[in-house]
Amino acid sequence: TDLRPLDILSEVVPAGGLARGMRVFQVQGVRGFQLAASRPRALGFPASRLFIHCDCFPEEFSIIVTLRVLGVPAKRNEYIFTLMAEESPSVLVGLRYAPDKLHFLFWSQERAGGWQTRVTFHNVSLSDNQWHTLVLAVSGQSFSLTVDCSVPKDLLVETPFPASLSVKRASFYLGNRRRRKGVFTGLLRQLVLLPGADATPRVCTAMNFKEATLSVPTVLQDVPAKPASNEVLKYPYETDTKVTLGSRPPCTKQEKAQFWFNASRRGLYLCNGSAWISLLEVKQRLDYVEEYQSLVTNSETMGVEVFTIPKVGLFAATANRYTPPGSAIYKWTDGKFVPYQNIPTYQAQSWKYFTIGKKIFLAVANFEQNDRGQEFSVIYKWSRRKEKFITYQRITTHSARDWEAFVIEGEAFLAVVNHREGNNHNIDSVIYRWNPRTGLFETNQTIPTSGAYDWEFFTIGPYSFLAVANTFNGTSTKIYSHIYIWLSGSFQLFQSILTFGAADWEVFRIGDRVFLAVANSHSYDSGMPAPSNFYAINSSIYELNITAQMFVKFQDLLTYSALDWEFFSVGDDSFLVVANSFDGFTFSVNSIIYRWQGYEGFVAAHHLPTVGCRDWEAFHTAEGSYLLYSSAKEPLSKVLKLKTT
């Protein structure tokens, strides 16, 4: 009646160490024992250590094994375990593996003089260098084998398992039959005997069935990837080390303890089971910026979005002014952006790429009406079959400037910035919630805005925020832009900041510090005397003050009709690049890259000639790091390469 699992593997392992002839290896993030053939008797123990109250082997039982089999030559058998009487070479109970077969052996005393019976399961393929879990359930004449929790193989044989098989003066042997021939050459992680029950329902509950466990020795259980301070690993282990080259590979439990060498960054990384940990990396520093590609666009470009579709590639979508020909999507091919798809748009202002589950979307903000006098912005869905974006949902908007996609508490949202309706700039912008039942976005909340240009979503700890850049209220650009916080199922006002024709918010982090930069585009107030220059004004960087629970001004930077900020990093250095578009006299204005210099704040580092610069995007490929800027005054955008030392 005692259904306690009897851990055969743990009995071989002495407390606080390993038996002679055993080594611990880690493969695919999972540890197992490798057994030596030189001392087979050292890998044994008396059966009386397991069968304390009874000298008989259970009549009904399950054997649970987790193992990794190496290629076994034809006509060769390897023993997973045996139970043998001390005075006899016969196997009382045993399990052995041959190519594509699994044999269960037992001594039957039903026949005259006793005889070894073999139950063979055919088409059991384990030699694929993967971990597998086997559950063998035995009851009388019924034998059932389940591999990796799949459909069991059931056999009904003539000779039943004996009702009273004596184990007096018998011993278990791990991976052998008390001699060197037939020693198991793979890895063993679990070997458990469960009396009186079919263990399959107890074992097959884990997500990873190949590593399903009932009882595993402490030595083989996961320990912290990194010992505390200078502590030595209590149970050292070996691993089959592999170094991957090229672009960043996945890092999961399967790749644990594997290395990745990033040639472009000259860095060596170790997978800890969830993330790549830097072991050796040459820290890059930005030296200078060079022109890499002149990207001819359909027309002037109001915004650009760079994104990656998994297993497809890197793309850039340009929001172009005129229709025809509309806006374009470019694919990064052989180190350059090349035309990939044209999409009809109507004075498009921006694109937003986002995903919901496995669905991939791209939303465009249209500023003008279509040919039928309808004013829609459109959400496109990626078709895996056509490898194109196709129309998915049209949403009524009013001179839309921007989309922002975000997730709160597992729900997907999409917010549109409505700039104006006719001559009225004081209108509602709308937040839409994804309805998984209908597969559509539906209105969730409206927020009053004034000639708004941009939404920026960000999180700080458990809190979600949404900042709007208000540009013009009909008489002045000197107006408040607002930051909203998500509380009780909706966005509520958190803080108001005075801005001057705000065109963009950019949130970024440096260490533990959180910053919010606003791009001020121009200073105009119909009731005030005109300034000497409407466009040469400060844009500001704010920092979150935890104590005051608000953003406070950190730094002012002189900009020229700034329309966008983009934050990026090179090595350990942080940068901000501003899109300066007009200085009051010409659209040929330098846009500036500012370098973070700690106590000094952001300091101008590089002056980049641009024409009507509207938007910046930073992106990385295996070949290096780049900046892409769009021009709102000429049908030409440029890719710049960041040259590092």
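Does Glu290 count as buried, exposed or partly exposed, and at what relative accessibility? In this predicted model, Glu290 counts as partly exposed, at 30% relative accessibility, and the first of the views below shows the salt bridge in which its side chain takes part.

**Figure 1. Salt bridge between Lys643 and Glu290.** The side chains of these two residues meet with an N to O distance of 3.8 Å. Because Lys643 belongs to strand E49 (residues 636-644) and Glu290 to strand E22 (residues 286-296), the pair ties together parts that are 353 residues apart in sequence. Lys643 counts as partly exposed, at 25% relative accessibility, and Glu290, at 30%, likewise counts as partly exposed. In the structure as a whole there are 10 salt bridges.

**Figure 2. Salt bridge between Lys352 and Glu404.** Here the N to O distance between the two side chains is 3.4 Å. Lys352 is part of strand E27 (residues 348-356), whereas Glu404 is part of strand E31 (residues 400-408), so the bridge ties together parts that are 52 residues apart in sequence. Glu404 has a relative accessible area of 7%, and because this is under the 20% limit the residue counts as buried.

**Figure 3. Hairpin formed by strands E27 and E28.** Strand E27 and strand E28 (residues 359-366) run antiparallel and are joined by 8 bridges. One of the pairings places Ile356 opposite its bridge partner Lys359, which is in E28. Between the two strands of the hairpin lie 2 residues, and Gly357, in the turn, has a positive phi of about 60°. Of the 9 residues of E27, 7 are buried, so this strand is largely enclosed by the rest of the structure.

**Figure 4. Salt bridge between Arg433 and Glu411.** The side chains of Arg433 and Glu411 meet with an N to O distance of 2.5 Å. The pair links distant parts of the chain, with Arg433 in strand E33 (residues 426-435) and Glu411 in strand E32 (residues 411-418), 22 residues apart. Arg433 is partly exposed, with a relative accessible area of 21%, and Glu411, at 33% relative accessibility, also counts as partly exposed.

**Figure 5. Salt-bridge network of Arg285, Asp573 and Arg595.** In this view the three residues Arg285, Asp573 and Arg595 are linked to one another in a network of salt bridges. As general background, side chains of opposite charge can pair when their charged atoms come close.

**Figure 6. Surroundings of Asp556 in strand E42.** Asp556 lies in the strand that spans residues 550-560 and is partly exposed, with a relative accessible area of 35%. When neighbours within four places in sequence are left aside, Asp556 is in contact with Asn538, Ser539 and Ser540. With Ser540, the side chain of Asp556 forms a polar contact of 2.6 Å to the side chain of that residue, and a further polar contact, of 3.5 Å, joins the side chains of Asp556 and Lys553. The C-alpha atoms of Asp556 and Ile541, which are 15 residues apart along the chain, are separated by 6.4 Å.

**Figure 7. Phe172 and the largest nonpolar core.** This core has 56 residues, and those with the most contacts inside it are Phe57, Phe104, Phe161 and Phe172. Not counting residues up to four places away in sequence, Phe172 touches a set of residues that includes Ile8, Leu43, Phe45, Leu50, Phe51, Phe57, Phe81 and Leu83. Gly44, Ala47 and Thr82 are also among the residues that Phe172 touches.

Key: Residues are numbered from 1 along each chain as its sequence is written. This is a predicted model: local features need pLDDT of at least 70, side-chain atom pairs count only at pLDDT 80 or more; totals for chains, interfaces and linings use all residues. Side-chain values use heavy atoms; hydrogens and water are left out. A nonpolar core is a set of buried Ala, Val, Leu, Ile, Met, Phe, Trp, Tyr and Cys residues joined through side-chain atoms within 4.5 Å. Buried means under 20% relative accessible area, exposed over 50%, partly exposed in between (1.4 Å probe, protein chains only). Contact means heavy atoms within 4.5 Å. A salt bridge is a side-chain nitrogen of Lys or Arg within 4 Å of a carboxyl oxygen of Asp or Glu. Helices (H or I, at least four residues) and strands (E, at least two) are DSSP runs, numbered from the N terminus. Two strands pair if DSSP finds at least two bridges between them. A polar contact is a pair of N or O atoms within 3.5 Å; within protein, one must be able to donate a hydrogen and the other to accept it, and residues adjacent in sequence count only if both atoms are side-chain atoms.
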